[in-house]
Amino acid sequence: MQLLLCLSKPAQHVKKNPLMAASGSGSIMWFRKGLRIHDNPALEYASKGSDFLYPVFVIDPHYMEPDPKAFSPGSRLAGLNRIRFLLESLKDLDTSLKKLGSRLLISKGEPDKVLIQCLKEWGVKKLCFEHDTEPYYQALDIKVKEYTSAAGIEVFSPVSHTLFNPADIIQRNGGKPPLTYQSFLKLAGQPSWLSSPLLTSISSLPPVGDVGSCEISEVPTIKDLGYGDIEQEWTPFRGGESEALKRLKESVSDKKWVANFEKPKGNPSLFVKPATTVLSPYLKFGCLSSRYFYQCLQDVYKNVQKHTSPPVSLAGQLLWRDFFYTVAFGTPNFDRMKGNKLCKQGARSFFFKKGYRSLISSSFHNIIQDFALRMPSLNVVMIPWNDDDELLAAWREARTGYPWIDAIMVQLRTWGWMHHLARHSVACFLTRGDMFLHWERGRDVFERLLIDSDWAINNGNWLWLSCSSFFYQYNRIYSPISFGKKYDPNGNYIRHFLPVLKDMPKEYIYEPWTAPSGIQRKAKCIVGRDYPKPVVYHDSASKECKRKLAEAYALNQKLNGQLSQEDLDNLRRKLAQDEDPEPKIRRQRRKVGHLT
């Protein structure tokens, strides 16, 4: 099948669902994610045999209500960029529904309570919604299903947010999630739906019935939600299914680019035209079906002579997404270090692969060798991370003194998105590279500010990048100086997101504190006044991080991962006593000068 047919093929029907549609009755389509018309099995089933269809979205106050105490404008859990992206997605969905003879019904309140009230008021016989693996939605679903079961209401909740059903993969693996990408691929195989055409359009929908006394509104604006007039730079990425499909078409129309896509390659400093699809926020909200995306990629691969393969290919990135969803679904406390029983293969396989032995500094080699040879498996590593609110604020507010890091954090705050290698850089800097702060603190910042923040993927990546689980080559550190310079020697990315440094010569743009005073005056940027001095010195800080991780790994191995809080506290005290005093003194001096 040609790609153009994949993008514009007429409506087709999927195989009939074994569940029989209720006849002559009403249905509720409960939108949470899955904010789309194409490839939406729940919407398709809700419309079959129904006289009336109620498409409902509930404005969840814990996600949408303003929180004046938060470190950036937005709710308790989400920054305004993501809230705005969601509202745009809802508006686009409402427009699409109206073209089909329906509309989106917006209500507000605790989702389970609102939905149960609607079920009672409208007397429907079917409730349909896309299955969600996040703990928050799993808890909501239990409450709603308790009511529907007692009321005799049919529930249809298909898996369509991911390529595979995580529960099926876990079942095939003996009740435990696969903990390596390769084992996941082996278990998953090809998606069962791939041989059948996906329903990519709907010609019409049943009308909306009488809403009774239920409070229903149109899609609200930012101002309607209580945010008033907000002055901030908004993300350049617009929400909605229409924009998602447009971006998808643009991406897959370049067959050569798709065929040669190879992660982790890519330039993280490109921002006018990013070096990736920027489809992640649309996948997060379900404005784009991952299954449709995957099918379109397969059509490209069939029509090129050669292409990259998982894990580095573009299709491989969708499989990574499913891998993290599966591990997260099958791992209690996946979003935290404490109580997370995640296990990993033996350390020998990654410390002593050919080419990696040289990465281990001689001062740590003996302890790592003993650790690798003796350890049969590794729980998620319990690490005594530092707790320094001032350092965290410097990282979050883009004033670390390292322009590459600060520019990325400005892009995060203003755009709600940055390239995956940029994310790797700032996550490494916060945790195992320089600051040695807890990955959960960084995770919380990303969770709030990213428009594509996804519970499973965000937590999985922070576990990975902090070397707390999945990945343990903690000697492989992203330099906050040389890494960005490799891609952008002129510093154009820095000049755009940190205009205070726009006139700094390229020789000093990544290390402005090394510029002579005359150069700083000419560039109108005095380090320590107009732009902060470094909050840590990378060479000594990264050395300290490696030492601390080596000792933490050794203690985890010795105690078989069963560290108590007392063990962690004792290790933290020991590491603090052994810390190199010079960088500590330098940092104390900077604190007195308030990072100047």
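Is strand β2 largely enclosed by the rest of the structure or open, and how many of its ten residues are buried? Keep in mind that this is a predicted model. Eight of those ten residues are buried, so β2 is largely enclosed by the rest of the structure. Buried here means under 20% relative accessible area.

Now the neighbours of this strand. β1 and β2 run parallel, with seven bridges joining them. One pair to look for is F31, whose bridge partner in β2 is F57. To get from β1 to β2, the chain passes through helix α2, residues 41–47, and this β-α-β crossover is right-handed. β2 also runs parallel to strand β3, residues 105–108, and four bridges join these two. There, V58 has S107 in β3 as its bridge partner.

Next, a pocket. The second largest pocket has a volume of about 900 Å³. Its lining is made of 39 residues, and H62, Y63, L77, R82 and E447 lie nearest the centre. Among the elements that give two or more residues to this lining are β1 (25–31), β2 (50–59), α3 (61–64) and α4 (80–99). Helix α19 gives the largest share, six residues.

What classes of residue line the second largest pocket? There are 20 nonpolar, three polar and 16 charged residues.

Where does the second largest pocket lie with respect to the domains? Domain 1, residues 2–159, and domain 4, residues 389–595, both give residues to its lining, so the pocket lies between them.

To recap, β2 is joined by bridges to β1 and to β3, and β2 also gives residues to the lining of the second largest pocket.

How values were computed
Residues numbered from 1 in each chain as written. Predicted model: local features only at pLDDT ≥ 70, side-chain atom pairs only at ≥ 80, totals over all residues. Heavy atoms only, no water. 1 Å grid on protein atoms, 1.4 Å probe; cavity = no way out; pocket = protein on both sides within 12 Å on 5 of 7 lines; lining within 4 Å. Points joined across faces, edges and corners; volume = space filled by probe spheres on them. Nonpolar A, V, L, I, M, F, W, Y, C, P; charged D, E, K, R; others polar. Domains from an automatic or database assignment. Buried < 20%, exposed > 50% of the residue type's maximum accessible area, 1.4 Å probe, protein only. Pairing = 2+ DSSP bridges. Right-handed = clockwise from strand over helix to strand, strands pointing away.
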